[in-house]
Amino acid sequence: MRYSEQFMEHIEYAFNAFCRIVLRYEAINAWRDLKRKEAREISLDYLMSKRFFEPSAMDSYFEKQDKLTAFLVLGKEVIVDNERLAKALSRLPKLRREVLLLYYFVGYRDEAIGRLYGRCRSTINSRRNIALKQLRKEWERLEHEEQKADTF
């Protein structure tokens, strides 16, 4: 089916008008976005000249060297900086402590831990859950002991 020249010209004009409208509104949206960004952002040169902040930051991970406790798990050193957590972990049996440290601190999954100890994934999962329950009890026991020591 062939369209007439007049109809084809009408389609071109309509498409041209449509494109102009789309481009116009996209330009308006871009302008609004720039204005919004300009209202919320502050120039780095301005901040540096006014000295509102130090341009560098210092991490304080290992500043408390006396409070850090290190556990050795399969040749990897795991550092725990929370004193109560370190005490609670040290009260756990070795295998349970190692499973927790490997899972939560080193980032191993149950399958990988199971391969290391020659156990299946579900066994490691149940041991980890039991170790978490025991760790929670030790944590509460330590908390109770600290509260008791504070009252005397």
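This passage describes a strand hairpin and two residues, Leu74 and Glu98, in a predicted model.

The hairpin is built from two strands. Strand S1 covers residues 69-73, and strand S2 covers residues 76-80. The two strands pair in the antiparallel sense. Five bridges join S1 and S2. Within this pairing, Leu72 stands opposite Glu77 in S2. Two residues lie between S1 and S2 in the hairpin. Leu74 is in the turn, and its phi is positive, at about 50 degrees.

Leu74 thus belongs to the loop between S1 and S2. Its relative accessible area is 46%. Leu74 is therefore partly exposed, because this value falls between the cut-offs of 20% and 50%. Beyond its neighbours within four places in sequence, Leu74 is in contact with Leu102, Leu116 and Tyr117. Leu74 and Leu102 are 28 residues apart along the chain. The C-alpha atoms of Leu74 and Leu102 are separated by 8.9 Å.

Glu98 is found in helix H4, which spans residues 94-106. The relative accessibility of Glu98 is 9%. Glu98 therefore counts as buried, because the value is under 20%. With residues up to four places away in sequence not counted, Glu98 touches Val73 and Tyr117. Tyr117 thus appears in the contacts of Glu98 and in those of Leu74.

In short, Leu74 in the turn is partly exposed, whereas Glu98 in helix H4 is buried.

Terms used:
Residues are numbered from 1 along each chain as its sequence is written. This is a predicted model: local features need pLDDT of at least 70, side-chain atom pairs count only at pLDDT 80 or more; totals for chains, interfaces and linings use all residues. Side-chain values use heavy atoms; hydrogens and water are left out. Two strands pair if DSSP finds at least two bridges between them. Helices (H or I, at least four residues) and strands (E, at least two) are DSSP runs, numbered from the N terminus. Buried means under 20% relative accessible area, exposed over 50%, partly exposed in between (1.4 Å probe, protein chains only). Contact means heavy atoms within 4.5 Å.
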